[in-house]
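Fresh page in the notebook today. I wanted to look up the aromatic rings first and the cysteines after that.

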Amino acid sequence: TAYGWWTDACWDNIIGNKTAVSTLSRFKTNAFSSGCAATIDGLKYHQKDSLVMQMLGPLLHKAKAAIPEDAKLILATTLGEIDLLEKEILEGGGDLSSSNLLCLLEKVYTIANIKDKGMIVSAACASPSAAVAIAAARIRNGLSDCVLLSACDSVTEFVFSGFSSLLALDKKAARPFDKERCGLSLGEGAAFVLIMSGSRARREKREIIGEVAGWGMSDDAHHMTGPCQNSKGMVIAIKKALKSAGTDEDGISFIAAHGTGTAYNDAMEMKAFQTVFKHKKPVYSIKGGTGHTLGAAGLIEMIIAMRSLREKNTPPTINLKQADDDALGWVSSKRCYIGENAPMVLMTNAGFGGINAALVLA
């Protein structure tokens, strides 16, 4: 992420309430509604290698010795190597196929040195959590016992201009669930996990960082970009996830929210939480720190949520100054000790097209 390489850098900065959102210098932003994003130092724009491959390549290369050749591959992304398409158009090139997501998929399974040519999940900003659900369902149903799940997206002029045209960007760093919130901050990132059956993980003596206990999905069919304000779709996804995990609200210790910082998303999520849970739970969002990493967000957030379970601390909601009225008592600008009682976390994501995804992690 924009915090640096590997999980520790991300966790330490998030738990320390630090934002990685800063002034964007990758391209000119004077025509847009914001000039800030959370970008990764050292990435080279409009070069031979795409931004996402400059992130994913080193990650997978370092880990490939630990990745089984028989793993099923799932790639989650919204726009993949869109900067290659930008480059071809701006330079007047004729080959526009280089940004096809299938090309990125081929690069991933080649670097990871696995036999499976894989599948792509591109479900807007719910892509990675939807991919986790698919991976877990395959394992629970006996179709696979090992899935390599990779997720990535980058900050490009195309992406930035799109969110700017929607008037969805905060001029500074996003402030999820804050009374004065006014938009999201874009970010970029790449992540991967191996999702295995418990029996195989134990047989291979893998380090187990957590369990995907349950999952649920729905679609509002409400609007191209805006979430349904009655939150019924998100409520359905959460209830499915709880049922899939065989638990109820008493089993959930805290909630890792999508929390983009836009007025509509945050209000929709809080309404869903208040509908499902009779008692207030600690809720946080990391997007004020990492930025909204789009097709990587849910996987990064899953890794951080599992770290939170292990550390028995929820991160603060970064940049939160004054919680919105409907979020009072739920969100905090400070970390929250979660104790020993409830063993699981609920994680939510939502995306354009009304897509809702919820995961229960243990």
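I started with Trp6, which comes out at 42% relative accessibility and so counts as partly exposed. This is a predicted model, so I keep that in mind for every entry.

Next I looked up Trp5, and at 41% relative accessibility I noted this residue as partly exposed too. How many aromatic pairs does the structure hold? I found 6. Trp5 and Trp6 make one of them, a tilted pair with 6.4 Å centre to centre and 45° between the planes.

Then I turned to Phe27 and Tyr45. Their ring centres are 6.0 Å apart and their planes meet at 45°, so I logged the pair as tilted. I was pleased to see that this pair links distant parts of the chain, 18 residues apart. Phe27 sits in the loop between strand 1 (22-23) and strand 2 (36-37), while Tyr45 lies in the loop between strand 2 and helix 2 (51-63).

Are these two rings buried or exposed? Phe27 has 9% relative accessibility and counts as buried, and Tyr45 is buried with a relative accessible area of 15%. I also traced a cluster in which ring pairs link Phe27, Phe32, Tyr45 and Phe160.

On to the cysteines. I searched the whole structure for disulfides and found 0. Cys36 is in none, and the nearest cysteine sulfur, that of Cys182, is 11 Å away. Cys36 is buried, with a relative accessible area of 16%.

Why is Cys125 without a bond to Cys152? The closest cysteine sulfur to that of Cys125 is in Cys152, and because 13 Å separates the two, they are too far apart for a bond. I noted Cys125 as buried, at 7% relative accessibility.

Conventions
Residues are numbered from 1 along each chain as its sequence is written. This is a predicted model: local features need pLDDT of at least 70, side-chain atom pairs count only at pLDDT 80 or more; totals for chains, interfaces and linings use all residues. Side-chain values use heavy atoms; hydrogens and water are left out. Rings of Phe, Tyr and Trp (its six-membered ring) pair if their centres lie within 6.5 Å; planes under 30 degrees apart count as stacked, over 60 as edge-to-face and the rest as tilted. Buried means under 20% relative accessible area, exposed over 50%, partly exposed in between (1.4 Å probe, protein chains only). Helices (H or I, at least four residues) and strands (E, at least two) are DSSP runs, numbered from the N terminus. A disulfide is a pair of cysteine sulfur atoms within 2.5 Å.
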